[in-house]
Amino acid sequence: MSEPILVVRDLRACVNGKPILKGVDLTVYPGQVHAIMGPNGSGKSTLAQVLAGHEIYEVTGGEAIYCGKNLLEMKPEERAREGVFLAFQYPVEIPGLNNMEFLRAALNAIRKHRGLEEIDAFDFLNLVQERARRLGISEELLNRSLNVGFSGGEKKRNEILQLSILEPRLAILDETDSGLDIDALKAVAEGVNTMRSPERAFIVVTHYQRLLNYVVPDVVHIMYDGRIVQSGGKELAEELERRGYSWLEETVGSAR
Amino acid sequence: MKSSTTVQVPELVAKLGEGPDWLAERRQAAFERFRALGFPTTRDEAWRYTNVSPIARTHFRSAEPDWARAVSLLERAWVGESAVRLVLVDGRYVESLSRMPQQSGVRAMSLQRAIEQNPELVRAELARLAVFDNHAFTAWNTACFADGAVVIVEPGRVLDGAVHILHLSTGGSEPVVSHPRVLVLAGRQSQFAVVEEYLGPDGQVYLANAVTEIVCADGAVVEHYKLEREAQQAYHVAAIWARLGRDSQFTSHLVGLGSALSRHDVVVILAGPGSEAVLNGLYLVDGQRHADYQTLLHHVAPHCQSREDYKGILAGAGTGVFNGKIRVEPAAQKTDAIQHNKNLLLSREATINTKPQLEIYADDVRCTHGATVGQLEEEQLFYLQSRGMSAEEAKAALVVAFAGEVVERFRLAPLRAAVKGYIGEVARTL
């Protein structure tokens, strides 16, 4: 097997002095899709944000090695330029920042890092329009301020649009399925599936099993109280869906 | 400070005798008033947060053009689809740098020529609107302006492209002063845009003391843009006065990016029923710079509407002042006025003094106002960084975005991109 894209060992992190991650271990290989499930407050979104470099979280122990490099020493923008992408659970609204202009600035920042020239304006327009059409994103939305006046589903589709343009090596989807109707869910899933490749890996953080019907994971992890407590194949997600998170609390909670 | 002895204006007396009698009389009256007022101090309520003693202390000489500098400044000026370009160097019209209108129905010329060619028109309007009783700088300008620009648009004319008035200050080995003067006469149901741009060479200490008067006849639709891009060491004091006739529409876009110390007074008199005014402003200060914006929407007639939105970006140890007053006279029933002032503080040392004021003497009106002061949001910065932008790029992008709403209101599309660029240049250094 090839070198892993990401190796996380005993990762610990706090927010405002309160421990959230209490020793996370995770190894992701190219081509894989890992799903991380767990109840609210289990730390799965924190894990996603720590991997992307959010400064509100203080890493207190452990390590994260991305493509052989120490991820935790890198600034958020360095991680992005090296190919880490986080699809936000709550994409932020920025009035006055044109959606498409922003996307072009982001793409050019990453291309510059890779030693490529800035993308031609005409090529960029064609690229975005083609990807947007596939995701069901209207031209009008592309020309609005970033996420301003977007519905929940439109924001999530816009995140996947960015993913498809920026072409990361490691994509982390933080509850991208939450609050989506079935059409939006299918569009997002299709967007992710077309991006699956032998060189690229996904970490899909989700509260529900539903998305995993469309984006079939290779590995499913269950997070509870800041740790990954169980890992398995896609059938683990189905079992969790059937038995609910209370089952988890009983089995894992009582064991400790 | 309030004594005439501190007022040192060597060019003052020289100008008094120039021009026709009526002008000499107005200059004389302004001169007397300037001497009586002296420079304002922070004890004057309208100047409470702006200390002009650096100006009062300076012995300014009359500006003499430095042509090499003027030409290099021209390269930095907005190049747009302007129908007319009037270039004033140190307050004096320069024909060789200007471009005259090709369209009929518009006359654009130097103030000196306008006084010769259209004496009645100029006499009726010049120095009528911009009262100087309580404003020493306006009195000083009126007493001392050497020249200026006059734009006259005939009734019913709709102009393609803007009238661009470019004010270049060229500085000098010693501090210099110029008094640019602009008069815009919009005929009935004419429609056009005027872009006033102020530029100066970096490193030069000078004072541009400008006065602009805009008279909108009934049904006129006028957009006035002012881009203040003075040198970072310069002083800029300006008054913009507009009078709105029946059913006319006036928009003032004011973007202030330069000057060590600037003061802007914008006065709009809604004199005709059904008239509408929009004040759209943006100021940016950093370093030790200071900018003061005083606006007055004076609702005199009934059924008028005003919308005001000023945004401020304050960085470093920069200080800003916004004082927006809406005054509604007893006759101005059914007035509909909304005013906002929103500020973005980028450092702990930056300061904004914001004071919205309502003075309402009518009983059937709708007036609202509000002011906010905020900072950059961490989540927005992180989001942009997570897409590959550096912390500095993200900050600059958010500053430009904050300013974006003001710029998006420009009806002149070519100016939007240009001004976003000017703001971006400054934002990247914050």
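Student: How many salt bridges turn up across the interface of chain B and chain A?

Tutor: The rule finds 2 salt bridges there. Keep in mind that this is a predicted model.

Student: Which side chains meet in one of them?

Tutor: One pairs A:R81 with B:E393, at 3.8 Å from N to O. That passes because the rule asks for a side-chain nitrogen of Lys or Arg within 4 Å of a carboxyl oxygen of Asp or Glu.

Student: And how many residue pairs are in polar contact across that interface?

Tutor: There are 10 such pairs between chain B and chain A, counting those with both residues at pLDDT 80 or more.

Student: Which elements of chain B give two or more residues to the side touching chain A?

Tutor: Those are α8 (378-385) and α9 (391-408) of chain B. The largest share comes from α8(B), with 6 residues.

Student: What does that side of chain B look like by class?

Tutor: It has 7 nonpolar, 5 polar and 4 charged residues.

Student: How many residues does each chain put into the contact?

Tutor: Chain B puts in 16 residues and chain A 29.

Student: What area do the two chains bury between them?

Tutor: About 1,900 Å², with 62% of it on carbon and sulfur atoms. On the chain B side, B:F382, B:Y383 and B:R387 supply 42% of the area buried against chain A, more than any other three residues.

Student: Switching to chain B by itself. Where are its domains?

Tutor: Domain 1 of chain B covers 2-272, and domain 2 covers 376-430. Their C-alpha centres lie 30 Å apart.

Student: How many residues are in contact between those two domains?

Tutor: In chain B, 19 residues of domain 1 are in contact with 10 residues of domain 2. The two domains bury about 1,200 Å² between them, 72% of it on carbon and sulfur atoms.

Student: Which three residues of domain 1 supply the most of that area?

Tutor: B:W78, B:Y225 and B:L257, which supply 39% of what domain 1 of chain B buries against domain 2.

Student: What are the salt bridge and polar contact counts there?

Tutor: Between domain 1 and domain 2 of chain B the salt bridge count is 0. The rule finds 3 residue pairs in polar contact, both residues at pLDDT 80 or more.

Student: Which strands of domain 1 supply at least two residues to the side touching domain 2?

Tutor: In chain B, β9 (191-199), β11 (221-229) and β13 (249-256) each do. β11(B) gives the most, with 5 residues.

Student: And the classes on that side of domain 1?

Tutor: The residues there divide into 10 nonpolar, 4 polar and 5 charged.

Definitions and conventions. Residues are numbered from 1 along each chain as its sequence is written. Chains are lettered from A and ligands numbered from 1 in the order in which they are written. This is a predicted model: local features need pLDDT of at least 70, side-chain atom pairs count only at pLDDT 80 or more; totals for chains, interfaces and linings use all residues. Side-chain values use heavy atoms; hydrogens and water are left out. Contact means heavy atoms within 4.5 Å. Buried area is the accessible area (1.4 Å probe) that two parts lose on being put together, summed over both. A polar contact is a pair of N or O atoms within 3.5 Å; within protein, one must be able to donate a hydrogen and the other to accept it, and residues adjacent in sequence count only if both atoms are side-chain atoms. Helices (H or I, at least four residues) and strands (E, at least two) are DSSP runs, numbered from the N terminus. Ala, Val, Leu, Ile, Met, Phe, Trp, Tyr, Cys and Pro count as nonpolar, Asp, Glu, Lys and Arg as charged, and the others, Gly among them, as polar. Domain bounds come from an automatic or database domain assignment.
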